[in-house]
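Please walk me through this model in plain terms, chain by chain, and then through the places where its parts touch.

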Amino acid sequence: MGLQEIANALLLAGIYACVGMGFSLLYGVMNIVNLAHGAMVMVGAYISFWLFTLWGIDPFISIPASALLLFAIGYPMQAYLVNNVIRSDILRSLLVTYGVEMLLLGAVLVTWGSNYRAITPRYFGAGFQIGRVVIPYLRTGVVAVALAMAVGLNLFMSRTRIGMAIKATALNKEAAALVGINIRRIYAISSGLGCALAGAAGTLVAASYTISPSIEGPYLGNAFVIAVLGGLGNMMGAVAGGVVLALAETVGAVYFGMSFQRLIGFVIFLLVLILRPYGLMGRRFYAEI
Amino acid sequence: MRRFKRYWPIFLLAVALFLPALVSGYWLRVFTSALMFAVLAQGANIISGYAGCPALGNIVFFGVGAYGAAVLMTALKMPFLPALLLSGLIGMAYAVLLGVPVLKTRGHYFVMATIGLNDATHELVNNVDFLTQGSRGIALPLPETGKIELLTFFYFVMLAILLATIFATWLMAKSRMGYALKAIKSDDEAARAVGINVTFYRVAAWAMSAFFTAMAGGAFAYWMTFIEPHVVFDIVMSVKMFIMMALGGAGTIIGPTLGAILLELVSETVWGGFPQVHYLVLGAVLVAVVVLLPEGMTLLFGKGATLKTYRQRLKAGRL
Amino acid sequence: MAAVILKVGEATKRYGGVVAVDNLSFEVYQGEILGVIGPNGSGKSTLMNLISGLTPLSAGDIWFTGISLRKKKTHNIARLGIARTFQLLKPFKNMTVGENVATGAMFGHIHRMGSVEALARSEEILASLGLSHQAAVPVNKLAVAEWRRLELARALAMDPKLLLLDEVMAGMVASEVQAVVETVKRLNREHGVTIIVVEHIMRAVMSMADRVLVLDRGKRLALGTPAQVARDPAVVSAYLGANYAKSFPKQHEVEE
């Protein structure tokens with residue numbers, strides 16, 4: 001496996017880490033499986049595509065825009081929809097997020113149609129020259145941003161008041177409410193934050209690959225796997241999960257060919273779910289208690 | 001009017017039996033499709049509505065049944081009706097085989113495991129070329145329905161499977177298994193403490209669900225004459241059947257059928273009239289139904305349904 | 001000399017670093033009422049879970065009528081003849097009172113019962129407890145205080161040989177406590193059911209129990225008749241307090 005494959009894997013890992021972090025955040029705090037997560041990545045990608053096509057805005061600069069817009073989608077989704085069904089059986093919350101997914105998919109289809117789109121900034125293809133290998137600027141940028149987001153999220157959760165309130169709510173929402181934390185608002189903020197991460201991930205996707213509405217399915221599927229591998233609810237674990245999945249897919253493509261990739265992926269996934277449902281980085285008794 | 005209230009299932013059945021004589025080919029096809037979805041929704045109801053395990057990936061059995069029938073009819077030259085029955089049994093066997101490990105996972109993990117199962121089975125079918133023709137698809141022999149018109153034949157096949165499913169659900173609900181599933185759904189620890197073998201009943205529920213879902217797949221295969229993996233393992237179809245179940249009323253005996261028929265008719269009208277906004281409309285409808293109709297339609301009209309109880313149920317689900 | 005119906009042998013349960021039940025051994029005689037008392041966190045509920053099979057043993061074993069329960073699944077243990085109530089009540093909320101009790105009869109009884117027979121048996125049990133008027137009431141419409149009696153009825157419907165009552169009198173007023181004490185004694189006398197009662201209400205336990213087991217931090221502190229246990233200095237200092245010990249005989253007489 002050469003340097004090129006490693007570079008591909010790193011790029012993928014960066015994107016997967018961001019996708020997984022947002023998904024894990026929603027699950028960790030609210031115990032919500034956000035079936036619209038893949039669609040949100042897709043929307044983020046299309047926002048960046050649009051800004052680039054209309055006004056030539058560089059994808060990396062449009063990250064705040066897609067993040068902000070997805071926050072504006074995630075917050076009300078939680079506040080007005082999910083919060084109203086969250087205490088009944090899980091099927092309802094799953095169906096609500098699935099409905100949001102259909103809405104987002106419909107909106108994108110109506111606005112941009114189903115063709116493939118691409119962002120090609122001026123520095124596309126150019127990169128750092130190290131010996132005989134070219135490391136593209138674009139890919140380096142994506143990995144750097146992904147890293148920055150992981151670090152940023154970590155700092156936010158441990159150093160800011162809101163971050164700590166979110167952590168407290170995730171650990172024990174009754175106790176958090178008793179110390180004066182408004183859990184409805186924290187839920188909405190967490191949802192907004194997780195979706196914003198999805199949006200940012202979408203921008204990174206648009207910066208790396210061609211996009212179409214059909215990307216939302218696979219990204220949702222990947223979000224599951226990444227989050228479970230890292231331990232559902234464990235955000236830094238999602239980073240590890242992203243790296244593991246990216247490596248597994250890259251290695252799998254090299255040695256087994258594309259077709260068995262998903263089968264192997266599923267077997268690993270199922271084994272993890274059954275034998276170690278708290279993920280590779282989780283700890284046993286948190287699940288039991 | 002009171003007579004209607006009491007005997008409405010019989011009225012509905014009469015309408016269903018005479019439908020082919022009353023509607024055109026296009027609408028007959030729509031209704032046949034609706035009946036098929038009703039079977040799928042009822043199947044989902046057994047494992048999710050009764051046993052409390054939301055198997056979002058339940059469509060896997062539809063695919064297994066479709067491929068089962070297809071392979072039996074092409075490679076073994078089996079006639080339709082035995083192949084149909086066998087396809088149901090193959091689906092059931094698959095559920096029993098995978099039930100014990102998969103049903104040990106709980107909550108969201110279980111949902112994801114079933115979705116993953118569908119994905120993996122799809123992939124497996126794609127790869128087992130020699131048997132399933134992989135992604136090329138299988139062409140089944142052309143239906144021989146004798147003097148009966150083709151579409152009418154499949155309409156009645158689907159109706160028959162649906163009636164069998166509803167009847168089986170009704171029998172199950174009154175039996176020991178019905179009580180066991182209700183107990184398990186409510187509190188599986190307490191169920192164990194009163195002597196219920198939880199794993200056994202969950203697997204049994206899944207096997208029952210798989211049997212009917214797979215038969216629908218087998219009938220579908222013969223009807224379409226050609227099947228491909230991505231069509232019969234379609235996760236969108238799977239979620240659709242859960243939506244129909246939730247819309248009609250999970251855990252009731254005919255709720256899912258009503259939900260399926262209603263949704264399919266609405267879906268067909270919207271798709272027919274406004275293809276562009278199909279997803280937008282369906283998404284909006286889904287969100288509205290889930291948030292505003294916590295227990296589906298039938299419980300809205302059932303015993304004890306008042307504005308007060310409706311508001312209570314809404315509040316119970318709120319954060 | 002009565003036969004031993006339940007034997008707990010060096011039972012241990014660990015949760016990570018916490019030892020909830022520590023090398024506990026004792027025997028229960030057929031037909032007796034055994035009280036289990038101890039401060040909070042002493043392992044009483046864990047012991048109930050170990051006996052009923054809801055929690056696996058970390059070490060040691062438990063024998064019921066000579067059969068080892070260590071490797072048995074919960075539902076099989078229930079079918080052997082062990083029924084229980086739960087401290088944090090667990091009725092089946094999607095059924096009526098009558099259906100709840102019938103479920104107990106259907107699956108927990110030594111004879112396999114169909115739904116029709118079970119519903120009939122459910123009526124009998126509810127009648128014997130004076131609850132017939134509630135048979136058709138859905139549990140979610142029942143007051144929480146009445147859930148306790150429902151759980152007792154459901155456990156009784158299983159026709160158990162050994163009944164585990166986990167803090168079944170919590171939150172009851174004196175008259176209700178008295179009613180439960182009488183029901184328990186009647187079950188024991190007339191039907192020969194062996195009963196293990198975990199309780200905090202001292203006068204209730206001391207007045208019904210033939211023997212009392214005292215737990216402290218997962219270990220066996222004392223086992224003997226109520227009088228013996230009430231005077232045991234270790235028990236007094238850990239749980240009962242000197243005042244109770246001094247007044248014990250007097251209290252005991254009043255209850256009878």
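**Chain A**

Chain A contains 12 helices and two strands. Read from the N terminus, its elements follow the order α-α-α-α-β-β-α-α-α-α-α-α-α-α. The radius of gyration of chain A is 19 Å, close to the 19 Å that the globule rule gives for 289 residues, so chain A is as compact as a globular protein of that length. This is a predicted model, and the figures below should be read as properties of that prediction.

The C-alpha trace of chain A spans about 60 × 45 × 35 Å along its principal axes. Of the 289 residues in chain A, 53% are buried. Its contacts can also be sorted by separation in sequence: among those in chain A with a separation of 6 or more, 77% are between residues 24 or more positions apart.

Two helices of chain A can be looked at one by one. Helix H2 of chain A covers residues 37-55. Its 19 residues, at 1.5 Å a residue, should span 27 Å, and because the end C-alpha atoms are 27 Å apart, the model agrees with that expectation. H2(A) is mostly covered, with 15 of its 19 residues buried. For this count, a residue is buried if 20 or more other C-beta atoms lie within 10 Å of its own. Just after H2(A) comes A:Gly56, which has a positive phi of about 65°.

Helix H9 of chain A, residues 216-230, can be taken through the same steps. It has 15 residues and reaches 21 Å from its first C-alpha to its last, close to the 21 Å expected at 1.5 Å a residue. H9(A) is mostly covered as well, since 13 of its 15 residues are buried. A glycine is found here too: A:Gly231, just after H9(A), takes a positive phi of about 95°.

How far can the coordinates of chain A be trusted? The mean pLDDT of chain A is 84, and 91% of its residues reach 70 or more. Residues 284-289 of chain A are another matter, with pLDDT under 50 throughout. For that stretch the model has seven contacts beyond four places in sequence. Where pLDDT is low, the predicted coordinates should not be read in detail.

**Chain C**

Chain C has 10 helices and 10 strands. A compact globule of 256 residues would have a radius of gyration near 18 Å, and chain C agrees with this because its own value is 18 Å. Along its principal axes, the C-alpha trace of chain C spans about 55 × 45 × 40 Å.

Buried residues account for 45% of the 256 in chain C. Of the contacts in chain C between residues at least 6 apart in sequence, 66% join residues at least 24 apart.

The average pLDDT of chain C is 87, and 94% of the residues score at least 70. Over residues 251-256 of chain C, pLDDT stays under 50. The model has seven contacts beyond four places in sequence for residues 251-256 of chain C.

**Chain B and its contacts**

Chain B is divided into domain 1, residues 23-264, and domain 2, residues 277-319. The C-alpha centres of these two domains of chain B lie 25 Å apart. Where they meet, domain 1 of chain B contributes 10 residues and domain 2 of chain B contributes eight residues. On the domain 1 side, the elements that give two or more residues are H12 and helix H13 (255-273) of chain B. H12(B) supplies the largest share of that side, four residues. By class, the domain 1 side has five nonpolar, five polar and no charged residues.

Chain B also touches chain A. How many residues does each chain bring to this contact? Chain B gives 38 residues and chain A gives 38 residues. On the side of chain B that touches chain A, the elements giving two or more residues are helix H5 (107-127), helix H12 (235-248) and helix H14 (278-292) of chain B. H5(B) gives the most to this side, with 13 residues. The side of chain B that touches chain A is made up of 24 nonpolar, 10 polar and four charged residues.

For the complex, the predictor gives an ipTM of 0.87 and a pTM of 0.86.

Methods. Residues numbered from 1 in each chain as written. Chains lettered and ligands numbered in written order. Predicted model: local features only at pLDDT ≥ 70, side-chain atom pairs only at ≥ 80, totals over all residues. Contact = placed C-beta atoms within 7 Å. Nonpolar A, V, L, I, M, F, W, Y, C, P; charged D, E, K, R; others polar. Domains from an automatic or database assignment. Rg over C-alpha atoms; globule rule 2.2 N^0.38 Å. Buried ≥ 20, exposed ≤ 12 C-beta atoms within 10 Å, placed from the backbone. Expected span 1.5 Å × (residues − 1). pLDDT = per-residue confidence, 0-100.
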